[in-house]
Amino acid sequence: MLNTLDANAVLEVLRPVQDPELRKSLVELNMIRNVTVAEGEVRFTLVLTTPACPLRQFIVEDCERAVKTLPGVQAVVVDVTAETPQQKALPDRTGIDGVKNIIAISSGKGGVGKSTVTVNVAVALAQAGAKVGLLDADIYGPNTPTMLGLTEAAVKVQPGPQGEILEPVFNYGVKLVSMGFLIDPDQPVIWRGPMLNGIIRQFLYQVQWGELDYLLVDMPPGTGDAQLTLAQAVPMAGAVIVTTPQTVALQDARRGLRMFQQLQVPVLGIVENMSYFIPPDLPDRQYDIFGSGGGEKTAKELELPLLGRVPLEIPLRQGGDRGIPIVVEYPDSASAGALRAIAQQIAARVSVAALS
């Protein structure tokens, strides 16, 4: 029995407490640091593996309960911070200096709200305290500047040791690079594969991204050159597939998912967007405009997690058009809550993969 209330006693009583996703001791993972004991008050730092940890409060409460079993404890103060782990390196792919995790957000077909999901997940991660970048790889249809309220922004170009370096623009805590900053609004991008390959590599390696926990890549729909270029260029923490419950969208989503698996990119899970419509005058009603249950069924068949279901709400569309993400403008809405939960799930799975 531990009769002396000191730092060692605190660490010993915390040793059985596990990270619920890694299933390892918090003490052994070095997630408990800076333990101090003074006049019955125990204080320590809990270092999570992501600022967007979905189980943050659960872990804090587990720690508090464990420490309060020690005799003489009058108060427990837990300072919570995070250190995002870096994805595993691959010998045949070149990472980006300062960028810990690269995540592709993709879809099998257009029109399923992939860019809306990407933008809101990026902002949600930034709101949680992560350092976030967004690479708009949808070269033919660059919409993320509009959705982030950056249509009037201009990227700065600086000379670098190996060519010009782009400075990303910034809003809502997210750094952004997009083809939309380099062309006129009505100008079509009529490029073949090699040119597409070149601009994506420039966006990866010739941008001053700085230190990032997560770089989200908004992919064009389909299974084309952009996906192949990204998968072959950089080590990726994983890919997220966005679909609607509609059968034709799910069929294309499965093809896109299989493509990433064939390229040996881990698939983190499926996001079902436009799961149901919530009318503004009847917020308690739900209408399954595009069907129901398709995302869950597909996830089970493919043995992948369903990361979340995002309802269709009018403010979600309006925010995208006006450049104010719904997680910013209406944080208490059903859509914003679903998107924040999806961001947490993505961050958690990336951390587990990096530390496993």
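Is Glu-301 buried, exposed or partly exposed? Let's work up to that in the exercises below.

**Ground rules**

This is a predicted model, so local features need pLDDT of at least 70 and side-chain atom pairs count only at pLDDT 80 or more, while totals for chains, interfaces and linings use all residues. Numbering starts from 1 along each chain as its sequence is written, and side-chain values use heavy atoms, with hydrogens and water left out.

**Exercise 1. Classify Glu-301 and its salt-bridge partner, and place both in the chain.**

Step 1: set the cut-offs. Buried means under 20% relative accessible area, exposed means over 50%, and partly exposed is in between (1.4 Å probe, protein chains only).

Step 2: apply them. Glu-301 has 45% relative accessibility, so it counts as partly exposed.

Step 3: find the partner. Glu-301 forms a salt bridge with Arg-254, with the closest N and O atoms 2.6 Å apart. For a salt bridge, a side-chain nitrogen of Lys or Arg has to sit within 4 Å of a carboxyl oxygen of Asp or Glu. Arg-254 is partly exposed too, at 30%.

Step 4: locate them. Glu-301 belongs to helix α8 (residues 294–301) and Arg-254 to helix α7 (residues 247–262), so the pair links distant parts of the chain, 47 residues apart. Helices here are DSSP runs of H or I with at least four residues, strands are runs of E with at least two, and both are numbered from the N terminus.

**Exercise 2. Compare the surroundings of two other salt bridges among the 14 in the structure.**

Step 1: take Glu-12 and Arg-15, whose side chains meet at 3.3 Å, N to O. Glu-12 is partly exposed at 42%, and Arg-15 is partly exposed at 31%.

Step 2: take Asp-92 and Arg-93, which meet at 3.8 Å, N to O. Here Asp-92 is exposed at 57%, whereas Arg-93 is buried at 14%.

**Exercise 3. Describe the nonpolar cores, starting from Ile-346.**

Step 1: define the object. A nonpolar core is a set of buried Ala, Val, Leu, Ile, Met, Phe, Trp, Tyr and Cys residues joined through side-chain atoms within 4.5 Å.

Step 2: look at the largest one. It has 86 residues, and Ile-346 is among those with the most contacts inside it, including also Ile-103 and Trp-209.

Step 3: list the partners of Ile-346. Leaving aside neighbours within four places in sequence, Ile-346 is in contact (heavy atoms within 4.5 Å) with Ile-103, Val-121, Val-240, Leu-268 and Leu-307.

Step 4: check for another core. A second, separate one has 24 residues, including Val-17 and Met-31. As background, nonpolar side chains tend to be buried together in soluble globular proteins.

**Exercise 4. Work out how β4 connects to β5.**

Step 1: get the pairing. Strands β4 (residues 41–48) and β5 (residues 75–82) run parallel, paired over 8 bridges; DSSP must find at least two bridges for strands to count as paired. Val-42 has Val-76 in β5 as its bridge partner.

Step 2: trace the path. From β4 the chain goes through helix α2 (residues 56–67) to β5, a right-handed β-α-β crossover. Right-handed means that, with the strands pointing away from the viewer, the path from the first strand over the helix to the second runs clockwise.

**Exercise 5. Contrast two positive-phi residues other than glycine, Gln-264 and Met-274.**

Step 1: angles. Phi is near 65 degrees for Gln-264 and near 55 degrees for Met-274.

Step 2: settings. Gln-264 is in the loop between α7 and β14 (267–277) and is exposed at 65%. Met-274 lies in strand β14 and is buried at 16%.
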